[in-house]
Amino acid sequence: MWDNHVINLPQYTLYRGDIRDGNLLKHIFNDHNITSVIHLAAMAGVRNSLEDPLEYIDVDIKGTVNLLEASRKNKIKRFIFASSSSVYGINQEVPFTEQDRVDLQISPYAAAKRAGELYCGTYNHLYGMSISCLRFFTVYGPRQRPEMAIHLFTDKIYKGEEIPVFGDGTSRRDYTYIDDIVNGVLQALVLEYDFEIFNLGNSYTISLQEIIVNIENALGKRAKIKRLANQKGDVPVTFADISHSKKRLNYNPSIDIYLGIKKFVNWYLEKQA
């Protein structure tokens, strides 16, 4: 699961734990001279949050506040919170900008992420912590979670199994390759700001049906599609306006969805060899 070349680096320390564990956080902060926190930990997934919303409240909200409190007590200079495009809900205006109103989230996962943003804003206001909230737009790439669409479809098409398609395949997403996301995070780590929200997307949408066709072409195999009803919590479109991130973060995504799918499929096939 973990890359050995990272684990074996002398400047890298891995702890297996839970951000809800205050004693563990206290131990980590006491043992290391931490100046910045990049908070990526969360219960992820819209559909799973419909099944167990309380777990998402506990991890994504309580865990985030736990980490904010530990950061405050240890006078952390920079706190970066991984938010989500899901906070935009069923926003009718596209592309989504950071100035859009985000009054209605349509899944417990999205609501928890929005709550995390609000707590970040509160801690910035009360304690002067430098905080950014990065709204990730459908991140994919090597080591992507196996239940996510690109990974799931690639695996099932390769194995000749049916792929579950919710709705008619016309929903559109702004897919963002992991390398571009990482570059955006690193830029947020060094930029000077008080409190800001940034979209990290590719600013290009593609339909679910087109995703399937591109995976088919990359694998050289045809998909067996199982049509299912639309899922509650799913939004019809995500589309990032990244003009603010380009200007402030010098964020310029370089891997479009077509190249990204080829790169992902190549990684997947290497794992099957």
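This briefing walks through two helix crossings, one helix with two faces, and a few loop residues worth a look. The model is a predicted one. Helix α10 (residues 257-272) turns up twice, crossing α8 (residues 208-219) at roughly 50° and α6 (residues 149-159) at roughly 55°. Away from those crossings, there's a buried glutamate in a loop, E98, and a cis peptide bond between V94 and P95.

**Helix α8 against α10**
- The axes of α8 and α10 come within 10 Å, with a crossing angle of roughly 50°.
- Angles of 65 to 115 degrees would count as roughly perpendicular and those under 35 as roughly parallel, so this pair is oblique.
- As for handedness, α8 passes α10 in a right-handed crossing.
- On the α8 side, the contact uses I211, N214, I215, A218 and L219; facing them from α10 are I257, Y258, I261, V265 and L269.
- Sorted by class, that contact has nine nonpolar residues, one polar and no charged ones.

**Helix α6 against α10**
- Here the axes come within 11 Å and cross at roughly 55°, which makes α6 oblique to α10 as well.
- This crossing, too, is right-handed.
- From α6, the residues making the contact are I150, H151, T154, D155, Y158 and K159.
- α10 answers with I257, F264, V265, W267, Y268, L269 and Q272.
- By class, you get eight nonpolar, three polar and two charged residues in the contact of α6 with α10.
- I257, V265 and L269 of α10 show up in the contact with α8 and also in the one with α6.

**The two sides of helix α2**
- In α2 (residues 22-31), the buried residues are L24, L25, I28 and F29.
- These four sit on the same side of α2, because they cover an arc of only 130° around its axis.
- The general background is that an α-helix has 3.6 residues a turn, so residues three or four places apart point the same way.
- Over on the other side of α2, N23, K26 and N30 are exposed.
- Among the elements covering the buried residues of α2 are strand β1 (36-39) and helix α4 (53-73).

**The loop between β2 and α5**
- E98 belongs to the loop that links β2 (78-84) to α5 (108-127).
- Buried means under 20% relative accessible area, so E98, at 11%, counts as buried.
- Leaving aside residues up to four places away in sequence, E98 touches Y88, R135, I197, F198, N199, D241, H244 and S245.
- The C-alpha atoms of E98 and I242 are separated by 8.9 Å, though the two residues are 144 apart along the chain.
- P95 is found in the loop between β2 and α5 too, and the peptide bond joining V94 to P95 is cis, with omega about -5°.

**Positive phi outside glycine**
- K75 isn't a glycine, yet its phi is positive, at about 55°.
- You'll find K75 in the loop between α4 and β2, and it's exposed, with a relative accessible area of 70%.
- R143 is another non-glycine with a positive phi, about 70° in this case.
- R143 lies in the loop between β4 (139-140) and α6.
- With a relative accessible area of 53%, R143 is exposed; the cut-off for that label is over 50%.

Terms used:
Residues numbered from 1 in each chain as written. Predicted model: local features only at pLDDT ≥ 70, side-chain atom pairs only at ≥ 80, totals over all residues. Heavy atoms only, no water. Axes fitted to C-alpha atoms, helices over the stretch in contact; angles between N-to-C directions. Helix = DSSP H or I, 4+ residues; strand = E, 2+ residues; numbered from the N terminus. Parallel < 35°, antiparallel > 145°, perpendicular 65-115°, else oblique. Left-handed = near helix turned anticlockwise from the far one by under 90°. Contact = heavy atoms within 4.5 Å. Nonpolar A, V, L, I, M, F, W, Y, C, P; charged D, E, K, R; others polar. Buried < 20%, exposed > 50% of the residue type's maximum accessible area, 1.4 Å probe, protein only. Arc of directions from axis to C-beta.
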